Amino acid sequence: MNNNKYNEEKIYDYLDGKLTDKENDAFELEMKQDNKLAQKVEELMLARDLVNYKGRKKLLNTVKEATGKTGSSTISINNTSSRTIAASKTPWLRNFSIAASFLILISATYFLFPRDSNIDTGQMLADFHSTNYSYAEDYLNRHSTSGFLDDNPNNLPKGSKEEIFLISDALKGFKLNKWQFTKEKLVNYNTSFPKGTYNDIALYYLANSYFNLGQYMLAIEHYNILLNSKFENNQIRQAAEYELGLSWLSIEINKTKEIMESIAKNNSHLHQEQAQLILERI
Amino acid sequence: MEVVKYSNADLLKGIKKPEEKIIKYLYDNNLPKVIKMSSDILGHTSQAEDIFHEALVTLIENVRHNKFKGNSQVSTYLISIVKFKMYNQLKKISKHKQLPINEEILDIPSLISDSKDRIRLLERLLEKLTELSEECQLLLQNYYYENMSMNEIADKLNYSSSFVRVKKNRCMNKLKDLVKGFV
């Protein structure tokens, strides 16, 4: 068959989905019998996909700019009238871009919120934050008499071996103050075991690692998720609440005040005294 | 700070363009919910923002292509897109997970199977687009990606709609020749 019988308009109407069902079927049948025509249509489809791909990439950047984020574009074009294309950034790049986005946010909030120039937040953090490792062991000891950090696989608590080794590695890293290592392990744990046995403890230590890395917005985000969850361990909840207050210190001090006031009023709160001291300082 | 509220009609109008203040408004108002969803569905939040950005792009596309006409609240629809994308993400990791929402409701067809190959190819071909004139690039983007009618493009470029149609086909043929050999 010769594709000359099809005028260009017909090919474009097919491409744009403007043919009736009957015309469409006839055209597709013709393509099956005419390689040259099929080739031409394929090339036009690729050209159209390219236009859509560029358009989506540009739009994604517009959206990022509008939301105050910048960075490289991740594209996944949905199959609307056109084809569907998906891509993913490598995980480290994605994490980096998110971290970068939050850094921008932190920088922005630094200037947006009123700050008291007499307050040395760095000193406050040094005075009132001490990394506590005991919760992990207390919590995990309840899962096994041998303790969570036992290297002998036969003595390990519940959960799959892979799951336990991963979280165990992360917590060992935490004990050695390897915040970046711990963060990566815990993100890996939550991604690999979204319904794992230790997501709650992983979330707390992930927030804590962000805090120790000075990534306060990410710490705030994770502490908030933990506090809004059904996680029942009161000791860790109270620690998370207190550390949430500390995380706001260098970003929006009024939030710190609000949280510390609430803690200071609570006679059964483990950090009541520290909260009262902080309130005296701010 | 003044709290601004927009009607559904205002939002749709702003999304179509898209207006920066409307996108920012949708982003700010839904981000906490998206982060919480990411934690609940994916078990982590490291991709929450990327997914949310893509969902906003899908929202704009669906409004432009009349796939969403405002029959439900914009935020409800946006959150459904986010949820759809998160479950899709989850499906990639866990093959047995069923998508608990109806894809047809959202009108977001599945990703094609060769998506990674296709995107690599398109990335490679991006520079070919720059060999077209600026006007050709704009016209094709207006027509295909932004779903503008011939008349709208004609008004914008100050041509007759019949000329725009001819020019569009010429531009496409030129681009077709540029990508020839990559099919």
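**Reading helices in a two-chain model**

Author: Chain A has 13 helices and two strands. Helices (DSSP runs of H or I, at least four residues) and strands (runs of E, at least two) are numbered from the N terminus. This is a predicted model, in which local features need pLDDT of at least 70 and side-chain atom pairs count only at pLDDT 80 or more, while totals for chains, interfaces and linings use all residues. Residues are numbered from 1 along each chain as its sequence is written, and chains are lettered from A and ligands numbered from 1 in the order in which they are written.

Reader: And how many helices and strands are there in chain B?

Author: Nine helices and zero strands. Going along the sequence, chain B reads α-α-α-α-α-α-α-α-α.

Reader: What share of the residues in each chain is buried?

Author: Buried means 20 or more other C-beta atoms within 10 Å of a residue's own; 12 or fewer is exposed, in between is partly exposed, and the C-beta atoms are placed from the backbone. In chain A, 37% of the 282 residues are buried. For chain B, 34% of its 183 residues count as buried.

Reader: Which residue could I look at as a buried case?

Author: Try Met260(A), which sits in helix H12 (residues 253–265) of chain A. Met260(A) is buried because 27 other C-beta atoms lie within 10 Å. Leaving out residues up to four places away in sequence, Met260(A) touches Gly245(A), Ala275(A), Ile278(A) and Leu279(A); here a contact means C-beta atoms, placed from the backbone, within 7 Å. Glu243(A) is 17 residues from Met260(A) along the chain, and their C-alpha atoms are 10.0 Å apart.

Reader: How do I check a helix's length, say for helix H2 of chain A?

Author: Compare its reach with the expected span, which is 1.5 Å times one less than the number of residues. H2(A), residues 21–33, has 13 residues and reaches 19 Å from first C-alpha to last, close to the expected 18 Å. Just one of those 13 residues is buried, so H2(A) lies largely in the open.

Reader: What span should H7(B) have?

Author: Its 12 residues should span 16 Å, and the end C-alpha atoms are 16 Å apart, which agrees. Buried residues in H7(B) are Leu139(B), Leu140(B), Asn142(B), Tyr143(B), Tyr144(B) and Tyr145(B). Their cover includes H3 of chain A, together with H8 and helix H9 (161–179) of chain B.

Reader: How do H7(B) and H8(B) pack?

Author: Two packed helices are described by the angle between their axes and the distance between the axes. Axes are lines fitted to C-alpha atoms (for helices, over the stretch in contact), with angles from 0 to 180 degrees between N-to-C directions. Helix H7 (residues 134–145) and helix H8 (residues 150–157) of chain B pack at about 150 degrees, axes 10 Å apart. That makes H7(B) roughly antiparallel to H8(B). The cut-offs: under 35 degrees is roughly parallel, over 145 roughly antiparallel, 65 to 115 roughly perpendicular and the rest oblique. Leu139(B), Asn142(B) and Tyr143(B) of H7(B) meet Ile153(B), Lys156(B) and Leu157(B) of H8(B). Those contact residues are four nonpolar, one polar and one charged. Nonpolar covers Ala, Val, Leu, Ile, Met, Phe, Trp, Tyr, Cys and Pro; charged covers Asp, Glu, Lys and Arg; the others, Gly among them, are polar.

Reader: At what angle does H7(B) cross H9(B)?

Author: Roughly 105 degrees, with the axes coming within 10 Å. That makes H7(B) roughly perpendicular to H9(B). From H7(B) come Cys136(B), Leu139(B), Leu140(B) and Tyr143(B); from H9(B) come Val164(B), Lys167(B), Lys168(B), Cys171(B), Met172(B) and Lys174(B). The split is seven nonpolar, no polar and three charged.

Reader: Which residues join H3(A) to H7(B)?

Author: Arg48(A), Val51(A), Asn52(A), Lys54(A) and Gly55(A) in H3(A) meet Leu140(B), Gln141(B), Tyr144(B) and Tyr145(B) in H7(B). That's four nonpolar, three polar and two charged residues. The axes of H3(A), residues 35–66, and H7(B) come within 9 Å and cross at roughly 90 degrees.

Reader: Where is Asn147(B), and what is its phi?

Author: Asn147(B) is in the loop between H7 and H8 of chain B. Its phi is near 55 degrees, a positive value in a residue other than glycine. With 17 other C-beta atoms within 10 Å, Asn147(B) is partly exposed. Asn66(B) also has a positive phi, near 55 degrees, and is exposed, with 8 other C-beta atoms within 10 Å.

How values were computed
Contact = placed C-beta atoms within 7 Å.
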